[in-house]
Amino acid sequence: MPELPEVEVVRAGLARHVPGRRVESVEVLDARSVRRQPDGPAGFVAGLTGAVLGEPVRRGKFLWIPLHGRALPVALVAHLGMSGQILLHRADQPPDQWHRHTRIVLTLSAPERAVFDQIRFQDQRMFGGLHLAPMLPTADGAPAGHADGVAEALLPVPVSHIARDPLDPHLDPAEVLARMRRRRTGVKRALLDQGLISGIGNIYADEALWRAGVHYAAPTDTTRPARLEAVLRHCAEVMEQALAEGGTSFDDLYVNVNGESGYFDRSLNVYGRAGLPCRRCGEPVRRETFMNRGSHFCPRCQRRPRNPRW
């Protein structure tokens, strides 16, 4: 599942090429990829054709592009699911050479020196998609998310319940910490709650907890605040490092808009390293089932709490 750094890499790539471009035509090759569109493929095509694309914005793992030239605020929302890819191409590539998992094609106006003039949404496993959504003001009046410029204080309705993420300058860490401590839950479960803090998935939660030396089942209500603060700090640090290395790519499903893979997987300390020695103490890394997925930790560096919260 793509996480915040992988989505941010895609956002940054789109930001270099799509703002100010007009959508000349839209082809929906598989209706399942616009299933979140209330009025179906026809409504998606009609609502997007002729619109001018704004600055791509990201909050947590959610990505959207505001549309200009519409009477009411609306955005093109992208949900990558497990295998969704947003790639930039040239329109002179014939359709018979398109990738077999291409689901949606947007052909853009082509100003002079434009390198790309098509956005293609590819999805092998069909859990992702694109759709148009109205936008609402942010609850705190601050910019909605991360953009190359200053994002509008508007959120697509499907994203309105998503909290700010660790890399958002408008995130209030003290408020997140206070909310965590009011809950009787495990720290990893809290990190994965997108309504509390967004963008943290399984990989980066495991990595941040290892760096902080905190077990994933440590109770949020009794763990010392300084240790929880360290976890939040390391969440931001591990994501910043992942961004610098292009994200985490275990296979060819996780790529940027040019189809290139990131290499942060080479820097992982515990995730996917079950049975291998901890890079800090040498103890074999352990994997346990948690929330229908694996949780990786060092049993020596991350001591199991006496009263764990699962």
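1. Is Met 126 buried or exposed? This is a predicted model, and in it Met 126 has a relative accessibility of 11%. The cut-off for buried is under 20%. Met 126 therefore counts as buried. Its position is a loop, the one joining strand E8 (118–123) to strand E9 (129–137).

2. The backbone at Met 126 deserves a look. Most residues other than glycine have a negative phi. Met 126 is not a glycine, yet its phi is positive, at about 65 degrees.

3. Asn 292 also has a positive phi, about 60 degrees, without being a glycine. Asn 292 sits in the loop between strand E11 (286–290) and strand E12 (293–297). Its relative accessible area is 83%. Exposed means over 50%, so Asn 292 is exposed.

4. Now the overall fold. The protein chain has six helices and 12 strands. Its radius of gyration is 20 Å, and the globule rule gives 19 Å for 310 residues. The two values are close, so the chain is as compact as a globular protein of that length. The C-alpha trace spans about 60 × 40 × 35 Å along its principal axes.

5. Contacts and burial come next. Take the contacts with a separation of 6 or more: 65% of them join residues 24 or more positions apart. Of the 310 residues in the chain, 55% are buried.

6. In soluble globular proteins, nonpolar side chains tend to be buried together. Here the largest nonpolar core holds 33 residues. Met 180, Val 187, Leu 191 and Val 231 touch the most other members. Four helices each supply at least two residues of this core: H3 (173–181), H4 (187–191), H5 (202–212) and H6 (225–244). H6 gives the largest share, eight residues.

7. Met 180 merits a closer check. Setting aside neighbours within four places in sequence, Met 180 is in contact with Val 187, Ala 190 and Leu 196. Thr 220, Leu 228 and Leu 232 are also in contact with Met 180.

8. There is a second core, separate from the one around Met 180. This second core has 28 residues, including Leu 14, Ile 86, Phe 121 and Leu 130.

9. Last, the surface and the charges. The accessible surface of the protein chain is about 13,700 Å². Carbon and sulfur atoms account for 51% of that area. The chain carries 41 positive and 34 negative charges. The mean positions of the positive and negative charges lie 8 Å apart.

Definitions and conventions:
Residues are numbered from 1 along each chain as its sequence is written. This is a predicted model: local features need pLDDT of at least 70, side-chain atom pairs count only at pLDDT 80 or more; totals for chains, interfaces and linings use all residues. Side-chain values use heavy atoms; hydrogens and water are left out. A nonpolar core is a set of buried Ala, Val, Leu, Ile, Met, Phe, Trp, Tyr and Cys residues joined through side-chain atoms within 4.5 Å. Buried means under 20% relative accessible area, exposed over 50%, partly exposed in between (1.4 Å probe, protein chains only). Contact means heavy atoms within 4.5 Å. The radius of gyration is taken over C-alpha atoms; the globule rule is 2.2 Å times the number of residues to the power 0.38. Accessible areas come from the Shrake-Rupley method with a 1.4 Å probe; for residues, only the protein chains shown count as cover. Lys and Arg count as positive and Asp and Glu as negative; His and the chain ends are not counted. The place of a charge is taken as NZ of Lys, CZ of Arg, CG of Asp or CD of Glu.
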